[in-house]
Amino acid sequence: MATKKRKVDSECRAFNDEWTWKYFLTVVKDKPVCLICNEAVAVFKEYNISRHFTSKHKNSNYEGMSEYERKQNVESLCKKLSGRQNFFKKVNTIQEAATHASYIVAYNIVKNNKALSDGEFVKQCMLQVCDVLCPDKKNYFQTVSLSRKTVTSRIEDIDKNLTSQFKDWPV
């Protein structure tokens, strides 16, 4: 008779807030993550979490700290972690904005029957204007891709989107 394999995910284990200062762990995207080494622990289970702390950080300064010192350190480590996470969010939003900007330029190139290579000319103009108005933001403008190939790709994407919208249009 075959036995069913136990699924730990379905056991609805919850993170205990006490583990944050006790074992220097926090939750990131529904996973327990060590604030010291940034490793994820497999399961929300105190045994697994304490085993990670004792095996990886046994001879560290963290083990001999008082509860108050631990809480202070946890607060500092949490701030560092959120700073790293915000850095990546910021990079992501800059990239998304640059992509959006390239779609806008591609749309205007087609709308005005201009050559697809005009995107590169527009980018040169944007960078020169940026040098005058906001030199600190120049790197944002440089991330906007307006090569002929990119403009062509953007126009094709816009075409596919409009075509699918017309197909879905109620008659």
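Trainee: Which residues of α4 are exposed on the other side of the helix, away from the buried ones?

Mentor: They are Phe121, Gln124, Gln128 and Val132. Exposed means over 50% relative accessible area, buried under 20%, and partly exposed in between (1.4 Å probe, protein chains only). Helices are DSSP runs of H or I with at least four residues, numbered from the N terminus. This is a predicted model, in which local features need pLDDT of at least 70 and side-chain atom pairs 80 or more, while totals for chains, interfaces and linings use all residues. Residues are numbered from 1 along each chain as its sequence is written, and side-chain values use heavy atoms, leaving out hydrogens and water.

Trainee: And which residues of α4 are buried?

Mentor: Gly119, Leu127 and Cys130. They line one face of α4, because their directions from the helix axis to the C-beta atoms fall within an arc of 80 degrees.

Trainee: How do I read a nonpolar core?

Mentor: Nonpolar side chains tend to be buried together in soluble globular proteins. A core here is a set of buried Ala, Val, Leu, Ile, Met, Phe, Trp, Tyr and Cys residues joined through side-chain atoms within 4.5 Å. The largest has 12 residues, including Trp19, Phe53 and Leu81. Helices α1 (18-23), α2 (46-57) and α3 (67-111) each supply at least two of its residues, and α3 gives the most, with three. A second, separate core has seven residues, among them Ala106 and Leu146.

Trainee: Which ring does the charged end of arginine 154 sit over?

Mentor: That of tyrosine 103, 4.6 Å from the ring centre. The test asks for CZ of Arg, or NZ of Lys, within 6 Å of the centre and within 35 degrees of the ring normal.
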